Amino acid sequence: MSQEIRHRILDLCEQIREHQFKYYVQDKPTITDGEFDAILVELKKLETAHPEFKLADSPSDLVGGGFATHFQQSDHIEKMMSLDNVFDSDELTTWFERIAKTSTKNTWLCEVKVDGLAINLLYEKGKLVKALTRGNGTTGEDVTLNIRTIKDIPHELTGKKIPDLLEVRGEVFFPIKAFNEFNDQQEELGKERFANPRNAAAGSLRQKDPRITASRPLSMVVHGIGASKGLELNSQSQAYEILKGFGLPTSSRFKVVSTPAQVSEFVAYYADHRHDIEHEIDGIVIKVNEFVTQSELGFTARAPKWAIAYKYPPEEVTTKLLDIKVSVGRTGRVTPFAFMEPVKVAGSTVTNATLHNAEEVVRKGILIGDTVLIRKAGDVIPEVLGPVIAKRNGSEKPFVMPTKCPDCGSKLRAITEGDVDIRCPNTQSCPAQLRERIYYIGSRVALDIDVLGYEAASALLEDKLIADESDLFALTEKDLAKSDFFLKKDGSLGLNVEKFLKGLEAAKQKPLWRILVSLSIRHVGPTAAAALAKNFGSIQAISTASESELSETDGVGDVIAKSIIEWFAIDWHKEIIRKWEKSGVSLVETAKASTAPQTLAGLTLVVTGSLEDFTRDGVSEVIAEHGGKTSSSVSKKTDYVVAGEAAGSKLAKAEELGVRVLNESEFKTLLAGGAEALG
């Protein structure tokens, strides 16, 4: 029996080191955090019960992986500890009872646990001189140049009584919204997608070229102090106030409470609201607030005794991959997706998850019949991260991409050379493409037509009320009465008929850029469409422009210009334009009777990041209404850059060129009073 325990400990140590390497060095974990925690917990229990078999270099005593990469290694002044974990209320109660043996007069600081990359910032006389990853807790990787590209991190501290030396600990993260947009861009460019925001943050910080890191909208939140000189503190909460006063990015999502019951309330609140936060969290950190008690409690070899991480149930789970099917999108792109045994993840039961493209299936080594690891955070579409190879039994089989469209039977092919995606070339009459295009026209991104959702789009086509999108704006009440979707059970017209017809009528007068977006011209999104509408003024002018004239438009370029030329060369596309115009759709950029003051006349602005009071499309409209011009790239001709949350490379470019950067409040001042109002 003793030999079995010894071998089990050795096996667990080997597993943990392997998974640490994949997590900390490769940024490509193959098991969930919950599964890793379970292995580590088992190892600790066995080592506690059988200390004679514990290895001198057991991973249970180490912080992180301690693996070297191509970055130079450097030591932390004060060891950078990790945290022990609890997974339920009983374990948390046991921890409180342990603390009570030392002190019963405590308050507790509770804060969300950011799922990011741990970083140590070293400031000397207020200036940032070094930034290290956690590494093994004693030695980390020097990522100073890359850290300096993150806008949240001050290169020099501000405020009063700046200490001579200060180590600041925190987490670098990729905001969820920015992560999803970045991954979509990666996919559009044929590049590999990141599995999750944590991996994206780690991968971004490990770039050899800091300019690549600068192009990614990373953020940071600080939550602790290591070594310091000239800094006197009494509590964790006081430390946060002082760090905030120094200009460092502290979290607003912490609370000091008096009782364990209030701690449990905080834990429960964020269990329900974890997806309301701009970054991913995997639990709550609870700390004894008073530094005197922290000193009395001390540390273990790897973690403070005065802090604990309450880990939420994992949002990555495993399930059986029953099949790999394909779907066809509005531009004909054929996307494989996983069809799985139902499994609950992130609060909902899922059966499908995206696989992006055939190359991605091969790269991840996924076989039909595999047990697979899937991830779903918030409202993000579930994604298959990879197979659990150890659970294979030999019955698995590789996925073969179909050669024909599953909806219309057309032969699938890559449309352009080097394209990783294959597409259905039957763009005019493929049922799947038609359905997706009609649905897209009704979406908020395009014409925002009430009632025109996925079910309505399907009904219009299946009941033959329209042949394609060219017929959409000619629909009448009489036409809609032929479809059960628009009827009540008694056969009379439903309330959705009036809403739908009003929505169609309102859409006819939508701005030209929205009309352009709704045509599903490949690569033409809101930014390019707005630039084209402003520059050419009408669909007619755009359709007859040369490729060079189109590409010279700000925010367009060669790829989009070529795509526009190709779209307008197709006869049935021209028929869409003809029928829409006949039905009263406005195909020109109408000059509004300007009620808005022309405070931005002659000014070119670039907007980057997320603004609180403006949508991505809405801010462009507001700028145009006030006489300004929106550009997608920063140049010497740019007058202002408006920077919201998670601003990326455009902000760095503005600073490099000396272009003035405005926050949202300053942007509103500019709108109201022009450049003079800014001073």
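This briefing covers a four-strand sheet, the helices lying across it, one helix pair and one buried leucine.

The model is predicted: local features need pLDDT of at least 70, side-chain atom pairs count only at pLDDT 80 or more, and totals for chains, interfaces and linings use all residues. Residues are numbered from 1 along each chain as its sequence is written, and side-chain values use heavy atoms, with hydrogens and water left out. Helices (H or I, at least four residues) and strands (E, at least two) are DSSP runs, numbered from the N terminus.

**Sheet**

- Four strands make an open sheet, ordered E5-E4-E7-E8, with antiparallel pairing. Two strands pair if DSSP finds at least two bridges between them.
- The edges are strand E5 (127-133) and strand E8 (219-229). Each has a single partner strand, so one side of each lacks a neighbour in the sheet.
- From one strand to the next, the twist averages 25°.
- Strand E7 (residues 165-173) and E8 run antiparallel and are joined by eight bridges.
- Opposite Glu171 stands Val221 in E8.

**Helices across the sheet**

- Helix H6 (residues 197-205) lies across strand E4 (117-124) and E7, at about 45° to E4. Axes are lines fitted to C-alpha atoms, for helices over the stretch in contact; angles run from 0 to 180 degrees between N-to-C directions.
- Helix H8 (residues 236-245) lies across E7 and E8. H8 runs at about 110° to E8.

**Helix pair H12 and H13**

- Two packed helices are described by the angle between their axes and the distance between the axes.
- For helix H12 (residues 431-442) and helix H13 (residues 454-462), the axes come within 8 Å and cross at roughly 130°.
- That makes H12 oblique to H13. Angles under 35 degrees count as roughly parallel, over 145 as roughly antiparallel, 65 to 115 as roughly perpendicular and the rest as oblique.
- On the H12 side, the contact (heavy atoms within 4.5 Å) uses Leu434, Arg435, Glu436, Ile438 and Tyr439. They meet Tyr454, Ala457, Ser458, Leu460 and Leu461 in H13.
- The residues of this contact divide into seven nonpolar, one polar and two charged. Ala, Val, Leu, Ile, Met, Phe, Trp, Tyr, Cys and Pro count as nonpolar, Asp, Glu, Lys and Arg as charged, and the others, Gly among them, as polar.

**Leu516**

- Leu516 sits in helix H16 (residues 512-518).
- Leu516 is buried, at 1% relative accessible area. Buried means under 20%, exposed over 50%, partly exposed in between (1.4 Å probe, protein chains only).
- Leu516 touches Ala529, Leu532, Ala533, Ile539 and Ile542, leaving aside residues up to four places away in sequence.
- Leu516 and Ala533 are 17 residues apart along the chain, with 8.2 Å between their C-alpha atoms.
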